[in-house]
2 protein chains.
Amino acid sequence: MPAQRPRGVSIQDVARAAGVSRQTVSNAINAPHKLRADTLERVTALIEEMGYRPDQSARSLRSGTRRVIAYTTPETDPDNPNALMSGFLEAMVAAAGEAGYRILLVRPRPGQSKARALEDVIAARTADAILLSDVLEDDPCVDYLHETGFPFAVFGRTRPGMPQAWVDVDSAQAMIDMVGLLTSHGHRRVAYLGTSAALPWLRHREAGFRIGMRRFGLVGHEAFVDGLDEVMAVTRDLLNRSPRPTALVLDDDWLAPGAYAAAQAEGLTVGVDLAVTGFNDMPYTRLLQPALTTVRLPLRRIADALVSRLLQSVEEGTPPEAGLLLAGDPVLRASMTTVA
Amino acid sequence: MPAQRPRGVSIQDVARAAGVSRQTVSNAINAPHKLRADTLERVTALIEEMGYRPDQSARSLRSGTRRVIAYTTPETDPDNPNALMSGFLEAMVAAAGEAGYRILLVRPRPGQSKARALEDVIAARTADAILLSDVLEDDPCVDYLHETGFPFAVFGRTRPGMPQAWVDVDSAQAMIDMVGLLTSHGHRRVAYLGTSAALPWLRHREAGFRIGMRRFGLVGHEAFVDGLDEVMAVTRDLLNRSPRPTALVLDDDWLAPGAYAAAQAEGLTVGVDLAVTGFNDMPYTRLLQPALTTVRLPLRRIADALVSRLLQSVEEGTPPEAGLLLAGDPVLRASMTTVA
DNA sequence: CTAGGTCCTGTGAACGTTCATATCATGCGC
DNA sequence: GCGCATGATATGAACGTTCACAGGACCTAG
C-alpha cells in the first residue's frame with residue numbers, strides 16, 4: 001500500500017492565515033497589481049513564510065497550461081554518439097527555465113513509435129508544446145504534429161509544406177566560411193572527408209563546402225566514410241591524391257582523431273604540414289593535440305529562438321511564418337596552418 | 001490573449017459513448033480485472049478509437065501521484081564537460097520510462113540555490129521523487145531532502161548520517177582491477193595522472209590505484225593536474241621519472257588526448273611502448289588512435305537501480321537501508337600493451 | 001448627502017479525474 | 001423461495017486551483 005504522503009500547504013491555508021480570500025492569495029501570485037500594497041506585502045510574506053507554492057497539477061487542470069515542454073530524446077547511435085545532445089539540452093533547460101518552462105524528457109516505450117509517444121503527450125495533456133530534434137526530411141512526427149495543430153518546434157528543418165517552426169544552424173554558410181578561412185590562410189588545395197549517412201545536416205555541409213570551393217576557386221577531392229573503421233584508410237588515401245591537399249575539412253568532429261592518426265601515418269603533422277577543421281565543437285575537440293579548428297554551434301541562441309517560437313505557438317496559436325537560420329561560429333585553434 | 005485550446009476527450013465522453021459510467025471507464029484503465037470481459041473489451045475499444053488518455057493533471061491532482069522524477073541537471077564546467085551526462089540521462093529516461101515515469105529537468109533560476117529549486121519542486125508537487133547526481137560530500141541538497149523526508153536518490157554517495165539512497169560505481173575497485181589488468185599484462189612500473197579537483201569520485205579512484213599498487217607490489221609515481229593546460233608538461237615530467245613507467249593510468253578519459261600527445265613528444269608510441277588507461281568510457285575514447293583502454297560505467301544498471309530505489313521510497317515511504325556499489329567494466333582496447 | 005465611478009476583495013463554479021461508497025444483478029446453499 | 005455473499009457498475013464528493021462575476025469600500029463631484 002502506498003504511503004499516504006501528507007498534502008502540503010494549500011491556498012486556503014494561506015488565505016485563512018492572512019485573513020483574506022483564496023482569490024486574493026491567487027492574485028498575489030498571478031496578478032500582484034490587483035492588490036493594495038499593504039495586502040500584497042502581508043500575503044507574500046505569509047506565502048514565503050509558509051512555503052506555499054501553487055499545486056502544479058491543480059493549476060494546470062484549471063488553467064489548461066502546464067508550463068512544460070516535452071522533448072523526445074533521439075535514440076543515440078553508439079557508433080556516432082550525439083555528444084551534442086548534452087550541450088543542447090543544457091541550453092534548452094536554461095532557456096526554457098528563464099521563460100518559466102521546464103523540459104520533460106519523453107521516450108517511446110519499447111515497440112512504440114515516436115509519433116505514438118507524441119500522441120500520448122498531447123492526449124494526456126502532459127505538455128504545452130513539443131520540441132523535436134534530429135528530424136529527417138520526411139519525419140512522420142512532423143506530419144503528425146502538423147495535422148493535430150499542436151504547438152511544436154524543431155531543431156533542424158521541416159520541409160516546405162509543413163509549419164516552418166524550426167531553428168537550425170546555417171551549416172552550408174558555415175562551411176563556406178570555413179573554406180574562406182582556409183583561403184585566407186593561404187590554402188589552395190583542400191580535401192573534404194564526409195560521413196555518408198543520409199542526414200540532411202551532413203548534406204548541407206557538403207553542399208556548403210562545394211559552393212565555397214567554387215567561390216574561392218580552390219581545388220580538391222571529396223571522400224566519404226561509412227563507419228569508424230574506414231576513417232584511417234580513406235583519409236590516408238585522400239591525403240595521397242594529387243594535388244596533395246594542405247588542408248582537410250571534416251564534416252563532423254568525430255572524424256578528427258582518426259584523421260589526426262592518418263595524417264601522422266602519412267608523415268604529416270597536423271597544425272604544421274596539414275590543417276584540419278571539424279564541425280560541431282564537441283567538448284573533446286579542445287583536448288586534441290593540436291586542438292581542433294571547428295564550427296561552434298550557437299546552442300544558447302538556438303535554444304532561445306526555439307523557446308520563443310514555442311511560446312509564440314502556444315500563446316498565439318499560430319506557428320512562425322518562416323524558419324530561422326543561425327550562423328555557426330568558426331573557432332580557430334591550433335590545427336589551422338598558414339601556407340606561404 | 002492566449003488562444004483557447006480546445007480541451008480533448010474526457011472520461012465522461014467515453015463513458016457516454018460506451019453507455020457506462022465514468023468509474024467503469026476509469027477501471028478499464030486502472031483496474032481492468034474489475035470489469036466483465038465483454039464490458040472491458042467494448043470500453044477499451046472505444047478508448048482506443050476516441051484516442052482518450054486520462055488528463056495527467058487531473059489524475060495527479062486527485063491521486064497525488066505525478067509519475068514524474070525531477071532531475072536537477074548539474075552545471076557543466078566548460079573546462080571539464082560532463083560528457084557522461086548525456087549517456088546517464090539516456091539511461092535514466094529509458095529506465096524510468098519502463099516503470100511508467102518520466103524525467104523532468106529542473107534547473108535553479110539564476111541566483112537561486114539548487115536546494116531552493118528543489119524546495120519549489122516539492123512544494124509545487126511537481127514530481128514524486130528527486131534524482132541528484134554529482135553530489136559533494138556535504139551537499140546541502142541532500143541535507144535538505146533528508147529533512148523534508150521527500151523521496152530521492154543519488155548517483156554518487158551520501159555521507160553516513162544521511163539516507164543511504166544512493167547508487168555509485170565502485171571506482172576504487174575498478175582502479176584496483178585496472179592495476180591488476182596491467183599487472184597481468186606484465187607491467188611493473190605504473191604511473192598515475194590525476195585531476196586535483198576535490199571531487200569524491202576522483203579521490204576514490206586515487207585510493208583504488210594506491211591499494212592496487214600495494215596489493216600487486218608495483219612501483220610508480222603520481223602526479224596531478226589542475227587544468228587542461230598542464231596536462232602536457234606534467235605528463236612528460238611523469239614519463240621521465242625513474243623508474244620510467246611502462247603504463248600510465250589516468251583518473252579520467254579527458255586526460256587521454258593530452259597524455260597521448262605527451263607520450264609522442266617523449267618518443268613513445270601509445271599501444272606499443274606505453275600503455276594508457278582511462279576512466280568513464282566517454283564516447284570519444286573509441287575514436288582515439290589507439291583506442292583507449294578504460295572503465296565503462298554500467299549506466300543502464302545504475303539507472304535501473306536508481307529507479308527501483310526511487311520507487312521504493314515513493315511507494316513504501318522508506319529510503320533504502322544501504323547504498324549500492326556497482327562494478328565498472330574494464331574495456332580492453334588498443335592502448336594496452338604487453339610487457340615481456 | 002447621494003450618485004457614480006474606481007479599486008479591491010470575496011464567492012460559487014468548474015477543470016477531469018479517482019476515492020469511497022452505494023446500488024444493482026447474479027448465483028448459491030438451505 | 002429466501003437470505004446472503006459476491007462481483008459489476010454507478011453516484012457523489014473531493015483534490016487545489018483559477019475564472020467569472022458579485023459585492024463592498026472609498027473617493028469625488030454635484
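This passage describes how chain A and chain B of a predicted model meet each other and the two DNA strands, C and D. In this predicted model, local features need pLDDT of at least 70 and side-chain atom pairs count only at pLDDT 80 or more, while totals for chains, interfaces and linings use all residues. Residues are numbered from 1 along each chain as its sequence is written, chains are lettered from A and ligands numbered from 1 in the order in which they are written, and side-chain values use heavy atoms, with hydrogens and water left out.

The contact between the two protein chains (heavy atoms within 4.5 Å) takes 73 residues from chain A and 73 residues from chain B. The buried area, defined as the accessible area (1.4 Å probe) that two parts lose on being put together, summed over both, is about 5,800 Å² for chain A and chain B, with carbon and sulfur atoms giving 53% of it. Across this interface, 12 salt bridges are found (a side-chain nitrogen of Lys or Arg within 4 Å of a carboxyl oxygen of Asp or Glu). One of them joins the side chains of A:Asp120 and B:Arg53, with an N to O distance of 2.6 Å. On the side of chain A that touches chain B, at least two residues each are supplied by helices H4 (56-63), H5 (84-98), H6 (114-123), H11 (256-265) and H12 (299-316) and by strand E2 (102-106), where helices (H or I, at least four residues) and strands (E, at least two) are DSSP runs numbered from the N terminus. The largest share, 8 residues, comes from H5(A). By class, this side of chain A has 33 nonpolar, 19 polar and 21 charged residues; Ala, Val, Leu, Ile, Met, Phe, Trp, Tyr, Cys and Pro count as nonpolar, Asp, Glu, Lys and Arg as charged, and the others, Gly among them, as polar.

Strand pairing, which requires that DSSP find at least two bridges between two strands, also links the chains: E2(A) and strand E2 (residues 102-106) of chain B run antiparallel and are joined by 3 bridges. Within this pairing, A:Leu105 has B:Ile103 as its bridge partner.

DNA strand C is surrounded by 28 residues (near meaning that a heavy atom of the residue lies within 4 Å), the closest being A:Ser21, A:Arg22, A:Thr39, B:Ile11 and B:Tyr52. Of the atoms of DNA strand C within 4 Å of the protein, 59% belong to sugar or phosphate and the rest to bases. Polar backbone atoms lie at 2.5 Å from a phosphate oxygen of this strand in A:Ser21, at 3.3 Å in A:Arg36 and at 2.4 Å in B:Ile11. Helices H2 (22-30) and H4 of chain A, together with helices H2 (22-30) and H4 (56-63) of chain B, give two or more residues to the surface near DNA strand C, which divides into 8 nonpolar, 10 polar and 10 charged residues.

Around DNA strand D there are 27 residues, the closest being A:Ile11, A:Tyr52, B:Ser21, B:Arg22 and B:Thr39, and sugar and phosphate account for 57% of the atoms of this strand that come within 4 Å of the protein. Side-chain N or O atoms approach a phosphate oxygen of DNA strand D at 2.7 Å in the case of A:Ser26, and a polar side-chain atom of A:Arg59 lies 3.1 Å from a phosphate oxygen. For B:Arg22, an N or O atom of the side chain is 2.6 Å from a base oxygen of DNA strand D. The surface near this strand has 8 nonpolar, 9 polar and 10 charged residues.

Technical notes
Polar contact = N/O pair within 3.5 Å; in protein donor to acceptor, adjacent residues only side chain to side chain.
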